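Hi everyone, thanks for coming. I'd like to walk you through one model today, so please have a look at the screen.

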Amino acid sequence: DVPGIEDLPHELPVLRDTAAPLYIRQEQRGLLLGLFDDAPVFWAPDGTPEDFDTDLLPNDLDRVSHAFERALERIPVLNELGVKRVLNGPLMRTPDAAPLAGPVPGLADYWLNNGFFAGFAQACATSGRLARWITEGEPDQEMGFADPRRYGPWADGAYTIDRTRTEYVHEYGDGSQAEAAPPRMPAR
């Protein structure tokens, strides 16, 4: 528990600092701090093991120590609170960091709405658009960014790792570790 949080009339807003890179949000009467590394490690590049469920990965605080130090500078109360628990789990995302949302080609009345990396930040808006599309027959806004057909056979493992690394570092780093982003899809 963080002293004073239970006395607030509302939940604290999410703070996201891409320069750190970190986010922090209220979690019941405490705080949840999310830290990001400069060079993402691809945990299961050949596919998630069949027996993997809600397992966690070994803690690796060295990879995020720079972000933790910045968090202590930016949010001084963290110096007094300490760390109760460390969680390290895989982050799932599409190579371009956009969701997969829309009708599945070839399957009548079957729709996708997944692939969200930051679910609490992305899912609400896309879900609302998708609901209107399903009920009204057409999306009320452009949804091409989320088209499940945007990936083809050319999006192999090497492309996926390269593109995902570029998007991740662009979103949660200063960009110095990433080369120029490759094209979203090859010219036809």
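Let's begin with R25, which counts as partly exposed because its relative accessibility is 25%, in between the buried limit of 20% and the exposed limit of 50%. Do keep in mind that this is a predicted model. R25 has a salt bridge to E27, with the closest N and O atoms 2.8 Å apart. E27 is partly exposed too, at a relative accessible area of 34%.

Now, the sheet around there. Strand β2 covers residues 22-27 and pairs with β3 in the antiparallel sense over 6 bridges. If you want one pair to look for, I24 has L33 in β3 as its bridge partner. The open sheet has 3 strands in the order β1-β2-β3. Why is one side of β1 and of β3 left without a neighbour in the sheet? These two stand at the edges, and each has a single partner strand, so one side stays free of a sheet neighbour. Helix α1, residues 65-74, lies across β1, β2 and β3 and runs at about 140° to β3.

Back to charges: the salt bridge count comes to 9. One of them joins D96 and R150, with 2.7 Å between the closest N and O atoms. That pair links distant parts of the chain, 54 residues apart, with D96 in the loop between α2 and β4 and R150 in the loop between α3 and α4. D96 is buried at 12% relative accessible area, and R150 counts as buried at 11%.

Finally, R163 and E167 meet in a salt bridge at 2.7 Å, N to O. Both lie in helix α4, about one turn apart, and both are buried.

Key
Residues numbered from 1 in each chain as written. Predicted model: local features only at pLDDT ≥ 70, side-chain atom pairs only at ≥ 80, totals over all residues. Heavy atoms only, no water. Pairing = 2+ DSSP bridges. Helix = DSSP H or I, 4+ residues; strand = E, 2+ residues; numbered from the N terminus. Contact = heavy atoms within 4.5 Å. Axes fitted to C-alpha atoms, helices over the stretch in contact; angles between N-to-C directions. Salt bridge = Lys/Arg side-chain N within 4 Å of Asp/Glu carboxyl O. Buried < 20%, exposed > 50% of the residue type's maximum accessible area, 1.4 Å probe, protein only.
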